[in-house]
Amino acid sequence: MSSLSRDDVVHLAGLARIDLSDAELDKMVGELSVILESVAKVQEAGADDVPPMSHPMPLTNVTRPDEVRPSLEVEDALAMAPASELQRFSVPRILSED
Amino acid sequence: MSTDITRASAAEIADVLARREASAAEVTQAHLDRIAAVDGEVHAFLHVDAEGALAAARDIDRRRAAGEELHVMAGVPIAVKDVMATKGLPTTCGSKILQGWIPPYDATLVRRLRAAGMPILGKTNMDEFAMGSSTEHSAYGPTRNPWDLERIPGGSGGGSSAAVAAFEAPLAIGTDTGGSIRQPAAVTGTVGTKPTYGGVSRFGLVALASSLDQAGPCSRTVLDAALLHSVIGGHDPLDSTSIDAPAPPVVEAARHGDVKGMRIGVVKELGGEGYQPGVRARFDESVKLLVDAGAEVVEVSCPSFDYALAAYYLILPSEASSNLAKFDAMRYGLRVLPEGVDDPSAEQVMAATRDAGFGDEVKRRIILGTYALSSGYYDAYYGQAQKVRTLISRDFNAAFEKVDVLLSPTAPTTAFRLGEKLDDPMAMYLNDIATIPANLAGVPGMSLPSGLAEEDGLPTGIQILAPATEDARLYRVGAVLEKLLVDRWGGPLLTQAPVLTAKGA
């Protein structure tokens, strides 16, 4: 498997919404390549016909009765928000003006 | 109190309280005093809640005086890893991104501690979002090992293991995603159990990797771990992966340990090359003690375990990259505006905040997980890791057809020096090589002290693994081994730990 280039890490950091500095990018390229090389070992395990396992317990559709139960008060939910207004979370702009 | 109550086990404290030889307030105060004396050096706690703990203790004293029927653990104080949501108490997960965050609700596990009347002394230090094996990745500085303050206390739950080892708390809560309860227990000479996946509710546990995370007890004795396990275990409708069955009979098992006729497997793949000689020597000695006690020991091979570390470091980052997406600077936690940008967008604020708020290891794993899940690489990495997970689970199933429990050293080495592996992620990851398979398969595991390594005089741990939902077997075997070892040592291992110099003493 190919190792990661600096551009790859820039792209991944963008997908992960982490604004890495140049120094962080330089450091991470080398570290991630070493880790990737090591974890690529999973490809050596003969597992072609083996089903994937996503979870230790084979559970499907755990449901509860559709009943109203107490939930957080609005002020409790907003208490730790970076900013709030009119009983809502206040966030930076989502769209650009143009 | 004539003797130092902080040296007592949780079971002994519970007895003292039930006999009214000491009040819960006195016991709690004694532990707060101990924290004040030694935690400047150990740094096991990120937050100490003296007022809240004493109020809870006084409430128990009042109810006991009124003749109320109380839980057996009522009044026994406890420390809680800072990854569990505690209403009214800061919960940071060792991260700057959650600095000062006070949850509006209690985790189910915390609710159960409070319902049992256990005063919460405070929140313990950890690697940021539980990513690490040394607590050095905490944004608030590392915890130090009470056996040697220049060494790591394990991780991610090094704060909980150190608090218990330094007699700052008789009990603590840990969480174990790849060994974060068991490895810290091993390197601090304490006991820790990772219950069967789904055995303890994850509601209110800030998720690292949801299919691997499991909370459990940290203590100084096997019985104490069982007592705490039974307080926090059992079904919770708020966690859809919680096992819908009563908590396993762990306390009975710990009280009536017996290995006569038991079949015990030593895992061939966990314990050879790469394991420190002193760790191996203490392990072999423990195995021999169990044989002498009537157990039948055989070697068992689990060939797929050789791929466990690689599979884990794909599955965990993949799940973590998704779980940690919620730290987006919008609803709680840090919000940082990018420099030099007029009227920044939500996405720019998010990216600036996540760069400022997450530490290096968290960023590494998020980006690794993002890669493993990205289109074009998914099958080769995440998909393949999931197949390996099946193979590991099959290895466990095959092994447990032959034996009742499995044994291995808990960690390949004793506590290493602070800073020694900080700049080498792969070397750090190797600390969890023996503990990871249990998380991948969901089976329960316990670490208990096996002695001191001859070459450095530091604690070593032995790991017991059992089939899913058979947690009681860990305690059955652990209790026997603990008794045999303590008899051999002439007292608990921790009595051999150096005395911490109390501040101002």
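Begin by selecting strand S9 (residues 405-409) and strand S11 (residues 459-465) of chain B, which pair in the antiparallel sense over four bridges; two strands pair here if DSSP finds at least two bridges between them. Helices (H or I, at least four residues) and strands (E, at least two) are DSSP runs, numbered from the N terminus. This is a predicted model, in which local features need pLDDT of at least 70 and side-chain atom pairs count only at pLDDT 80 or more, while totals for chains, interfaces and linings use all residues. Residues are numbered from 1 along each chain as its sequence is written, and chains are lettered from A and ligands numbered from 1 in the order in which they are written.

**Around S11(B)**

Within this pair, B:Ser408 has B:Gln463 in S11(B) as its bridge partner. Now colour S11(B) by residue: B:Pro459, B:Gly461, B:Gln463 and B:Leu465 point one way, whereas B:Thr460, B:Ile462 and B:Ile464 point the other way, and all are buried. A residue counts as buried if 20 or more other C-beta atoms lie within 10 Å of its own, as exposed if 12 or fewer do, and as partly exposed in between, with C-beta atoms placed from the backbone. Because seven of the seven residues of S11(B) are buried, the strand is largely enclosed by the rest of the structure.

Next add strand S10 (residues 445-452) of chain B, which runs antiparallel to S11(B) and is joined to it by seven bridges. B:Gly451 stands opposite B:Thr460 in S11(B). The two strands S10(B) and S11(B) form a hairpin with six residues between them, and in the turn B:Gly457 has a positive phi of about 70°.

**Across the sheet**

Widen the selection to the eleven strands of chain B that form an open sheet of mixed pairing, in the order S1-S3-S2-S4-S6-S5-S10-S11-S9-S7-S8. Strand S1 (45-48) and S8 of chain B stand at the edges with a single partner strand each, so one side of each is left without a neighbour in the sheet.

At one of these edges, select strand S7 (residues 263-267) and strand S8 (residues 296-300) of chain B, which pair in the parallel sense over five bridges. Including helix H9 (residues 277-292) of chain B shows a right-handed β-α-β unit made by S7(B), H9(B) and S8(B); right-handed means that, with the strands pointing away from the viewer, the path from the first strand over the helix to the second runs clockwise. S7(B) is also joined to S9(B), in parallel, by three bridges, with B:Gly265 opposite B:Leu406.

At the other edge, S1(B) runs antiparallel to strand S3 (residues 120-124) of chain B, to which three bridges join it, and B:Val48 has B:Gly122 as its bridge partner.

**Where the chains meet**

Finally, show both chains: their contact takes 56 residues from chain B and 46 residues from chain A, where residues are in contact if their C-beta atoms, placed from the backbone, lie within 7 Å. On the side of chain B that touches chain A, the largest share, eleven residues, comes from H13(B).

For a closer view, select helix H1 (residues 6-15) of chain A together with H12(B), where A:Val9, A:Leu12, A:Ala13 and A:Leu15 meet B:Ile367, B:Thr370 and B:Tyr371. By class, this contact has six nonpolar, one polar and no charged residues, with Ala, Val, Leu, Ile, Met, Phe, Trp, Tyr, Cys and Pro counted as nonpolar, Asp, Glu, Lys and Arg as charged, and the others, Gly among them, as polar.

How values were computed
Contact = placed C-beta atoms within 7 Å.
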